[in-house]
Amino acid sequence: MKATKEDRKITLDVISARPLPATEEGEMAARLLLRSAFRAATRRPAPVPAVSRAMAAGGIPTDEEQATGLEKVIMKATKEGTDPYSMMKPKEYAGSKADPHLVPSITTKRIVGCICEEDNTAVVWFWLHEGEAQRCPSCGSHYQLVAHELPH
Ligand SMILES: [Zn+2]
């Protein structure tokens, strides 16, 4: 197929991408373009929503927000660093009269096993009662019962 003179002219117009002729339509189009560009440049960016899972913000409630009952009590205790179930390693005491081993109990007595010396293979068991500090019948270490309340 042989291109006519008219075809060649159109092709040339497209390639050269000349500015639009200053007709009324062209001017209007340019103005519209300019206006939307101006708007895009001056418009404030939409506020970025804060990263939050909070229920108030319509997000997913956190564990703290939806916990109830015992779970909430445990969560609060864990946050405060308390040990409601005595799950952590007990604090060490000297076992002297001034610094007796504190034994938490939910009742008025508790069985205590004393490993009198570090390498002992036998444990000396005895009942520790509420009131004054008691001594291990074998080594004489002091033990003191302290009231402890379970969350439930
Ligand atoms: Zn002992």
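**A zinc site and its surroundings**

Along the sequence, the residues that donate to the zinc ion follow the spacing C-x1-C-x19-C-x2-C. The model is predicted, and the zinc ion is a convenient place to start reading it. The letters in that pattern stand for Cys-114, Cys-116, Cys-136 and Cys-139, each of which offers its SG atom to the zinc ion. These donors lie 2.2 to 2.3 Å from the metal.

How are the 4 donor atoms arranged around the zinc ion? The angles they subtend run from 105 to 114°, so the arrangement is tetrahedral. The cut-off behind that word is that all angles between four donors lie between 85 and 135 degrees.

Two of the donor residues can be described by their exposure. Is Cys-136 buried or exposed? Cys-136 has a relative accessible area of 4% and is therefore buried, because buried means under 20%. Cys-139 has a relative accessible area of 34%, which makes this residue partly exposed; that class covers values between the 20% limit and the 50% above which a residue counts as exposed.

The next stop is His-142, which belongs to strand E5, spanning residues 142–147. The relative accessibility of His-142 is 10%, so this residue counts as buried. Which residues does His-142 touch, leaving aside those up to four places away in sequence? They are Gly-95, Ser-96, Lys-97, Pro-100, His-101, Gln-134 and Arg-135.

One of these contacts, His-101, leads on to Lys-91. Between Lys-91 and His-101 there are 8.8 Å in space, taken from C-alpha to C-alpha, and the two are 10 residues apart in sequence. Lys-91 sits in the loop that runs between helix H4 (69–80) and strand E1 (101–105). With a relative accessible area of 63%, Lys-91 is exposed, because the limit for that class is over 50%.

The protein as a whole can now be set around these details. It has 4 helices and 5 strands, and their order along the sequence is α-α-α-α-β-β-β-β-β. The loop holding Lys-91, between helix H4 and strand E1, is thus where this pattern passes from α to β. Of the 152 residues in the protein, 14% are buried; Cys-136 and His-142 are among them. The accessible surface comes to about 13,300 Å², and carbon and sulfur atoms account for 59% of that area. Finally, among contacts between residues at least 6 apart in sequence, 35% join residues at least 24 apart.

Definitions and conventions
Residues are numbered from 1 along each chain as its sequence is written. This is a predicted model: local features need pLDDT of at least 70, side-chain atom pairs count only at pLDDT 80 or more; totals for chains, interfaces and linings use all residues. Side-chain values use heavy atoms; hydrogens and water are left out. Donors are N, O and S atoms within 2.8 Å of the metal (3.2 Å for Na, K and Ca); water is not among the atoms, so sites may look incomplete. Four donors count as tetrahedral if all angles lie between 85 and 135 degrees; four count as square planar and six as octahedral if opposite donors are over 155 degrees apart and all others between 65 and 115; anything else is irregular. Buried means under 20% relative accessible area, exposed over 50%, partly exposed in between (1.4 Å probe, protein chains only). Helices (H or I, at least four residues) and strands (E, at least two) are DSSP runs, numbered from the N terminus. Contact means heavy atoms within 4.5 Å. Accessible areas come from the Shrake-Rupley method with a 1.4 Å probe; for residues, only the protein chains shown count as cover.
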